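Q: Could you go through this one with me slowly? I'm new to reading structures.
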Amino acid sequence: MDLVKNHLMYAVREEVEILKEQIRELVEKNSQLERENTLLKTLASPEQLEKFQSRLSPEEPAPESPQAPEAPDGSAV
């Protein structure tokens with residue numbers, strides 16, 4: 001019985017280490033993508049941001065950025 005328990009504990013520890021490494025990689029990738037996103041938002045013109053926001057599907061929240069005021073005919077000013 002101890003042999004089975006030891007084998008299972010070893011397998012679980014090994015799986016936990018693999019998952020921890022995957023989490024580290026995903027956190028690193030997420031940080032990189034957030035930096036890229038911030039840079040792209042900074043470099044994008046208000047017109048480009050507005051076009052992008054209009055393409056978002058209704059279920060997705062709009063990114064937090066100031067929107068360009070619209071003229072009475074609906075075009076951006």
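A: Let us begin with a term: a residue counts as buried when its relative accessible area is under 20%, as exposed when it is over 50%, and as partly exposed in between. Please also keep in mind that this is a predicted model.

Q: Okay, is Glu21 buried, exposed or partly exposed, then?
A: Glu21 has a relative accessibility of 34%, so it counts as partly exposed.

Q: And which residue does Glu21 form a salt bridge with?
A: Its partner is Arg24, and the closest N and O atoms of the two residues are 3.0 Å apart. Arg24 is partly exposed as well, with a relative accessible area of 46%.

Q: Where do those two sit along the chain?
A: Both belong to helix H1, where they are three residues apart, which means that about one helical turn separates them.

Q: How many salt bridges are there in the whole structure?
A: A search of the whole structure finds two. Besides the pair just described, the side chains of Glu17 and Lys20 meet in a salt bridge, with an N to O distance of 4.0 Å. These residues also lie three apart in helix H1, which covers residues 2–43, and are separated by about one helical turn. Glu17 is partly exposed at 45%, and Lys20 is partly exposed at 42%.

Q: Why can side chains pair up like that?
A: Side chains of opposite charge can pair when their charged atoms come close.

Q: Switching topic, how many helices and strands does the chain have?
A: The protein chain has two helices and zero strands.

Q: And how much of it is buried?
A: Of its 77 residues, 4% count as buried. The accessible surface of the chain comes to about 7300 Å², and 59% of that belongs to carbon and sulfur atoms.

How values were computed. Residues numbered from 1 in each chain as written. Predicted model: local features only at pLDDT ≥ 70, side-chain atom pairs only at ≥ 80, totals over all residues. Heavy atoms only, no water. Helix = DSSP H or I, 4+ residues; strand = E, 2+ residues; numbered from the N terminus. Buried < 20%, exposed > 50% of the residue type's maximum accessible area, 1.4 Å probe, protein only. Areas by Shrake-Rupley, 256 points an atom, 1.4 Å probe, with all protein chains shown as cover.
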